[in-house]
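User: I would like to learn how to read the overall fold of a protein and the open spaces on it. Could you take me through an example step by step?

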Amino acid sequence: MSNYCKCCYQELGENDLNCPRCGLTDLKIIGNDPEQEKALEPFIRSHRMGFLRKYELGVTCYYWKDQDGTIALDSKRTLTFGNAAELLEGTRWLDQEFARMPDDQEITVDLTVTENGGAGRDLQVRVTPPTEPQLQKLGLQLDKQLQLRLLVKNDKTTSTSTSVSLL
Ligand SMILES: [Zn+2]
């Protein structure tokens, strides 16, 4: 039977004493006592918080400008949601508000994960934003399984994107 890290869900080899990805000691539990497994939870949680701190999460935004009557790409910037530990099991919203795209289509959004300030890695999610003609806010959610989802909301509606694994 495969054995997975209880912190980051990496598959562990038979001889791994520590997870090769997050460093968690392979916590072997004797027997199958759910109470015992529960007792480990605070320890796993605090290890996970430390591990996730090195991942900075952002979204790539495109800025457009009016150029002689046509809309042209002006610049591309990454807006940050903070580090993954701050997001864990919750949602962070950007302060900025965004204009709604005129068509009610599913869009692809680039999320960026930066590890220890290194080169960013792009992850793509798809979302169909709310259709009301209002400004929208962007949020990012990280669940316990380390899956990311982008949220797009206005006063009435919140749309949730497809999920993508942080790691
Ligand atoms: Zn791990």
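Analyst: We shall go from the overall make-up to one hairpin and then to the pockets, keeping in mind that this is a predicted model.

User: What does the secondary structure of the protein come to, and in what order do the elements run from the N terminus on?

Analyst: The protein has three helices and eleven strands, and read from the N terminus on, these elements follow the order β-β-α-α-β-β-α-β-β-β-β-β-β-β. The radius of gyration is 20 Å, whereas the globule rule gives 15 Å for 167 residues, so the protein is more spread out than a compact globule. The C-alpha atoms fill a box of roughly 70 × 35 × 25 Å along the principal axes, and 35% of the 167 residues count as buried.

User: How do strand 3 and strand 4 run relative to each other, parallel or antiparallel?

Analyst: A general idea helps first: in a regular strand the side chains alternate between the two faces of the sheet. In this model, strand 3 and strand 4 (residues 70-83) run antiparallel and are joined by twelve bridges. Q67 stands opposite T70 in strand 4, and the hairpin of these strands has two residues between them, with D68 taking a positive phi near 50°.

User: How is empty space found, and which residues lie nearest the centre of the largest pocket?

Analyst: Rolling a probe the size of a water molecule over the atoms shows where empty space is left. Here the largest pocket holds about 660 Å³ of space and is lined by 23 residues, with Y62, F98, A99, M101 and I107 nearest its centre. The elements that give two or more residues to this lining are strand 3 (55-67), strand 6 (107-115) and strand 9 (147-153), and strand 3 gives the most, with six residues. Sorted by class, the lining has 16 nonpolar, three polar and four charged residues.

User: Which element gives the most to the lining of the second largest pocket, and how is that lining made up by class?

Analyst: The second largest pocket has about 420 Å³ of space, and among its 16 lining residues K6, Y9, E37, I44 and R48 lie nearest the centre. Strand 1 (3-4) and helix 2 (41-52) are the elements that give two or more residues to this lining, with helix 2 giving the most, namely five residues. By class, the lining of the second largest pocket has seven nonpolar, two polar and seven charged residues.

Methods: Residues numbered from 1 in each chain as written. Predicted model: local features only at pLDDT ≥ 70, side-chain atom pairs only at ≥ 80, totals over all residues. Heavy atoms only, no water. 1 Å grid on protein atoms, 1.4 Å probe; cavity = no way out; pocket = protein on both sides within 12 Å on 5 of 7 lines; lining within 4 Å. Points joined across faces, edges and corners; volume = space filled by probe spheres on them. Helix = DSSP H or I, 4+ residues; strand = E, 2+ residues; numbered from the N terminus. Nonpolar A, V, L, I, M, F, W, Y, C, P; charged D, E, K, R; others polar. Pairing = 2+ DSSP bridges. Rg over C-alpha atoms; globule rule 2.2 N^0.38 Å. Buried < 20%, exposed > 50% of the residue type's maximum accessible area, 1.4 Å probe, protein only.
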